[in-house]
Amino acid sequence: MGMHNLKRIEVRGTVQIGMAIHSLSASNSSSDGYIHNTDYDIYNLLWQTRVHLKENDKLDIQVGYNNKKYGANSFYSAAFPDQYERTNTYLGTIKGEFGTDVKIIPIIYWSRHSDQYDLIKDSIYGRNYHRGDTYGANLIFQYQSKLGITNLGAEIRKEDMLSTKLGKEMVKPHGKYKAYNDRTNTSVTLEHSYKIDRISLSAGILMNHNSFIAGKCKFYPSVSASYRLWNNLTMAVSWSQSTRMPTFTELYYNSETHVANENLLPEKSESLDFTLRYRNYFMAANVTGFLLWGKNMIDWIKEDINSKPTASNLTKVNTQGIESNIKIFLSALYSGLGSNTMLMLGYTRIWQSHDANQYISESKNKLNYLRDKFTAQLSHSIYKGLSVNWFFRYQHRMGKYTKYEHYLNTEQQVPYPSFSTLDLKLDYKCKNLTINMSLNNLFDKKYVDLGNIEQPGFWLTGGITYVFQ
C-alpha cells in the first residue's frame with residue numbers, strides 16, 4: 001500500500017500431487033495515479049504445473065490471464081491527456097523435455113491480446129479495438145558430447161490481427177473489427193558451444209523467413225568467445241547480426257495522432273562488444289565496450305512541431321558506448337559492517353551518429369538515446385533483521401520532447417533535462433514475516449524521462465509478506 005491510494009495484494013500457493021507440482025498465483029494492483037489520468041487497475045492470474053516423468057523427463061504447462069485498465073495521460077500524444085486503455089491477455093504454453101544424451105524439447109504456445117483504446121476516455125471519438133493472436137510451435141534437439149553442446153531448433157509462428165485500424169480492410173466486417181492482417185515467421189537455428197580449460201567458444205546461425213518479405217530467406221550468424229586470463233580476470237567478445245519486422249501499429253496505425261507507413265522496411269542491425277570481468281574476495285567488476293550498426297531503423301518522426309509523428313525508416317543509426325559496473329563487498333573489508341553490507345556503482349556512456357534529416361523536430365525513441373547514466377546502491381544492516389537500501393540515479397538523455405501547454409493550447413520542443421533521484425527501501429525480516437517500506441524520489445524531483453510524461457514525485461509505499469509453511 002502507499003500514496004495515491006496505491007494497493008497491491010498477491011497470493012501464491014504450491015502443492016504436490018503425485019508426480020506433479022502445481023502452483024497458482026493471483027494478484028491485483030491499483031492506484032488513483034500520481035497526476036491526472038494515470039490511474040490503473042490490474043489483475044493477474046497464473047497457473048503452472050510441472051509433471052516429473054521417468055528419469056529426467058518433464059512436462060511444463062502454463063496458463064495465464066491479465067486484465068488491465070489504465071489512464072495513458074499524453075502517452076501517445078501530448079495533445080490528448082485523457083487517453084485510456086482497457087486490455088485483456090490470455091496465454092498458454094506446453095513445454096516438454098525428454099532424453100539424456102540427446103534432449104528433445106517440444107514447445108507449443110498461444111496468446112491473445114485484446115485492446116480497447118480511447119483517445120478521450122469513455123468517448124467513441126478516436127476509439128479503436130484490436131485483437132491479436134500469436135501461436136506457434138518450437139522443436140529443439142540438444143546433443144552433448146566431448147566436443148561440446150549442439151542445439152538444433154525450428155520454430156513456426158503465426159501472428160493474426162483483427163482491428164478497426166490495423167491491417168487491410170475486410171470485404172465483410174467481423175463484428176466490430178473492420179481490418180485484418182496476418183504473417184507467418186519460420187526459422188531454423190543451429191548453435192554449438194565448446195569449452196576447454198580457460199577458453200569458451202560458441203557459434204550459431206539463424207535462417208529466417210517471414211511472409212512479410214515474400215520469397216526471401218535471410219541468414220543471421222553469431223559468434224562469441226571468452227578467455228580466462230587469470231583466475232580473477234576474464235575477457236569476452238561477441239558479434240551478431242539480427243533483424244526486426246515492423247509492427248502492425250507501425251504499418252497501419254493512421255489516426256488523429258499518428259501516420260503509419262505500409263512501405264516500411266525491416267530493421268537490420270549488427271553488434272560487437274568486448275568485456276573484461278574481474279573478481280576477488282571483496283569486489284566484482286566488469287567493463288563492456290559495444291558497437292551497434294543499424295540500417296532502416298524504424299522510428300516515429302516529426303518533421304516539424306505542427307506535423308504528426310510518422311513511421312519512418314532511418315537509413316543509418318550507429319551507436320557506440322561503454323558500460324561499467326563494480327560491486328564492493330564492504331563486509332569483506334571490515335566484518336563490523338555486517339555480512340550484507342555492499343556498495344554497487346555503475347556508469348554508462350553512449351555516443352550516436354546517424355544520417356537522419358537534420359531538420360527532424362522529434363524522434364520517439366531511436367534518436368532520444370540515454371547519453372549518460374550513473375547509478376549507486378548502498379545496502380547495509382541497521383539492527384538484526386532490519387536492513388536498508390539506498391538507490392541513487394543520475395541520467396542525461398539526448399533529444400527533445402513535446403511540451404504541451406493545455407491552458408494555452410500550444411506546443412513547444414524542449415530538450416530533455418538531466419536529473420537525479422534518491423530512493424530508500426527498508427526491510428524487516430523475522431522468520432516467515434517480511435515488512436518493507438519504500439520512499440521513492442525522496443527529494444520530490446520533478447522530471448520527464450522518455451516521451452512527454454511527467455514522472456512521479458515523492459511516493460511512499462509499504463507492504464507485508466508472510467510465507468505459510
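Which residues make a nonpolar surface patch of about 880 Å²? The close-ups below come from a predicted model, and the first one takes up that question.

**View 1. Here is the nonpolar patch on the surface.** Its members are Val102, Ile104, Leu139, Phe141, Tyr143, Leu152, Val188, Leu190, Ile205, Met207 and Phe219. Together they make a patch of about 880 Å².

**View 2. Now look at the strands behind the nonpolar patch.** Four elements give two or more residues each: β6 (102-118), β7 (128-145), β10 (177-196) and β11 (199-210). The top giver is β7, with 3 residues.

**View 3. Let's zoom in on one patch member, valine 102.** You'll find valine 102 in strand β6. Is valine 102 buried, exposed or something in between? It counts as partly exposed, because its relative accessibility is 41% and that class runs between the buried limit of 20% and the exposed limit of 50%.

**View 4. Time to peek into the largest pocket.** This pocket holds about 710 Å³ of space. It is lined by 19 residues, and the ones closest to its centre are Ile9, Glu10, Ile464, Thr465 and Tyr466.

**View 5. And this is what the pocket lining is built from.** Strands β1 (7-17), β24 (433-440) and β25 (459-466) each chip in at least two lining residues. The largest share comes from β1, which supplies 7 residues. What mix of residues do you get in the lining of the largest pocket? Sorted by character, there are 9 nonpolar, 7 polar and 3 charged ones.

Technical notes: Residues are numbered from 1 along each chain as its sequence is written. This is a predicted model: local features need pLDDT of at least 70, side-chain atom pairs count only at pLDDT 80 or more; totals for chains, interfaces and linings use all residues. Side-chain values use heavy atoms; hydrogens and water are left out. On a 1 Å grid over the protein atoms alone, a cavity is a set of points where a 1.4 Å probe fits but cannot get out, and a pocket is an open set with protein on both sides within 12 Å along at least five of seven lines; lining residues have an atom within 4 Å of a point. Grid points are joined across faces, edges and corners, and a volume is the space filled by probe spheres set on the points. Ala, Val, Leu, Ile, Met, Phe, Trp, Tyr, Cys and Pro count as nonpolar, Asp, Glu, Lys and Arg as charged, and the others, Gly among them, as polar. Patches are made of residues with over 30% relative accessible area and no salt bridge: like charges are joined within 9 Å, nonpolar side chains (Val, Leu, Ile, Met, Phe, Trp, Tyr) within 5 Å. Accessible areas come from the Shrake-Rupley method with a 1.4 Å probe; for residues, only the protein chains shown count as cover. A salt bridge is a side-chain nitrogen of Lys or Arg within 4 Å of a carboxyl oxygen of Asp or Glu. Buried means under 20% relative accessible area, exposed over 50%, partly exposed in between (1.4 Å probe, protein chains only).
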